[in-house]
Amino acid sequence: MDIPVLHRLALNESPYPPLPSVRKAMRRAVAQANRYPQFHPDLLTERIADWCGVAPDRVAVGSGSVGVALQLLQAVVRRGDTVAYAWRTFDAYPLLTTMVGAQPVPVPLLPDGRQDLAALLAVLDGRARVVVLCNPHNPTGSLITADALSAFLRQVPEHVTVLLDEAYIEFARDTDLPDSPALLGAQPNLLVLRTFSKAYGLAALRVGYGLGSPDLVARIRRQQLPFGINAVATAAVEASLRADDELRRRVDTVVAERERLRCELLGLGLHIRPSHANSLWLTAPDPIEACAAALTADGVAARYYPGEGIRLTVGSRAANDAVLAALAGVGRGANPVRRLAARS
Ligand SMILES: Cc1ncc(COP(=O)(O)O)c(C=O)c1O
């Protein structure tokens with residue numbers, strides 16, 4: 001019997017629907033859906049640049065941050081080049097790499113879930129064209145500190161572009177957090193990648209952006225599909241920027257829930273490391289197979305990587321309570337597989 005999904009915690013989405021002001025802006029845009037959006041998203045680019053405090057020629061907008069990442073690879077990678085990233089990471093990186101005819105070079109994570117920066121540097125040979133860093137990291141939620149990032153950037157060869165994926169940066173609260181836009185002036189081979197899908201809760205609308213040097217941004221923009229950013233999404237992003245304070249408070253709530261969830265899971269006897277993203281990572285020595293079975297049995301969809309771990313998105317309070325209820329038995333040593341059998 002299929003168990004219905006009651007809580008969607010598998011894709012690191014926001015638990016909140018768009019704000020009323022954002023929905024109103026979207027409705028207005030829908031009413032004019034017979035009209036094309038801008039050929040290139042210049043007005044939206046200016047708006048984002050203004051909000052980020054950088055010049056517009058440092059901003060490239062795309063179809064989600066994954067779209068900007070593809071445009072970057074299309075701009076800088078030639079067939080046979082290599083793209084390095086820590087593995088495991090966001091599933092799109094191997095796909096995008098093969099889409100542009102490059103060879104993926106996955107570098108194992110450190111045992112504590114951090115990206116192995118020394119090992120990543122070591123694979124950057126003459127064929128390497130892009131290295132991806134994910135900060136905070138998906139799926140482990142680990143953080144690259146400001147000092148570690150600066151040291152890494154100092155050592156990266158000039159012919160390699162650093163794709164710094166900050167899809168979850170708004171959820172990070174650490175005082176050692178890098179101020180990545182401030183690094184751009186000295187680092188022409190850096191692209192900082194951000195998105196409206198996570199903290200801003202607009203995953204369905206597909207808007208992301210990259211911050212980089214004017215030269216790199218110009219090359220990325222050349223790969224932009226004409227009329228590629230739709231008008232409803234543009235209206236939603238503009239309205240979200242106007243409601244920034246309200247949306248930031250939602251992020252604060254998710255961060256508080258993340259800390260509560262982790263604390264309660266530690267109390268259940270699980271070993272969860274601190275996370276700087278909107279997710280927690282369950283891994284050895286915890287019994288992840290049993291945890292995955294228990295979550296599924298209670299209608300919680302999480303991202304399960306057999307043999308590696310479970311990425312659990314921090315959801316609404318009710319969803320997080322459902323996680324705690326599901327994992328209570330596992331943490332205390334009960335056998336959830338037996339519970340599962342008893343239900344079906
Ligand atoms: C690390 C990371 N980067 C990028 C993305 C994709 O975001 P977008 O919706 O902006 O394409 C995700 C989505 O899960 C992600 O985990």
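Start with the open sheet of this predicted model. Select its 7 strands and read across: β2-β8-β7-β6-β5-β3-β4, with mixed pairing. Go to the edges: β2 (59-63) and β4 (103-108) each pair on one side only. Then look at the twist. On average, neighbouring strands of the sheet are turned by 25 degrees against each other, direction ignored.

Next, select helix α2, residues 42-52. This helix packs on the sheet, touching β2 and β8 (207-211). Its direction makes about 125 degrees with that of β2.

Move to β3 (residues 82-87) and β5 (residues 128-134). These two strands run in the parallel sense and pair over 4 bridges. Pick V83 in this region: V130 in β5 stands opposite.

Now show the largest nonpolar core, 98 residues in total. Highlight L73, V131, A236 and C291, which touch the most other members. Colour by domain: the core draws at least three residues from each of domain 1 (7-15 + 245-343) and domain 2 (20-242).

Stay on C291. What is C291 in contact with, leaving aside neighbours within four places in sequence? Select L282, D286, I310, L327 and V330.

Zoom out to the whole chain. It holds 13 helices and 11 strands. The C-alpha trace spans about 60 × 55 × 40 Å along its principal axes. The radius of gyration is 21 Å, which agrees with the value near 20 Å for a compact globule of 344 residues. Of those residues, 46% count as buried. Finally, display contacts with a separation of 6 or more: 75% of them join residues 24 or more positions apart.

Note on methods. Residues numbered from 1 in each chain as written. Predicted model: local features only at pLDDT ≥ 70, side-chain atom pairs only at ≥ 80, totals over all residues. Core = buried A, V, L, I, M, F, W, Y, C linked by C-beta atoms within 7 Å. Buried ≥ 20, exposed ≤ 12 C-beta atoms within 10 Å, placed from the backbone. Domains from an automatic or database assignment. Contact = placed C-beta atoms within 7 Å. Pairing = 2+ DSSP bridges. Axes fitted to C-alpha atoms, helices over the stretch in contact; angles between N-to-C directions. Rg over C-alpha atoms; globule rule 2.2 N^0.38 Å.
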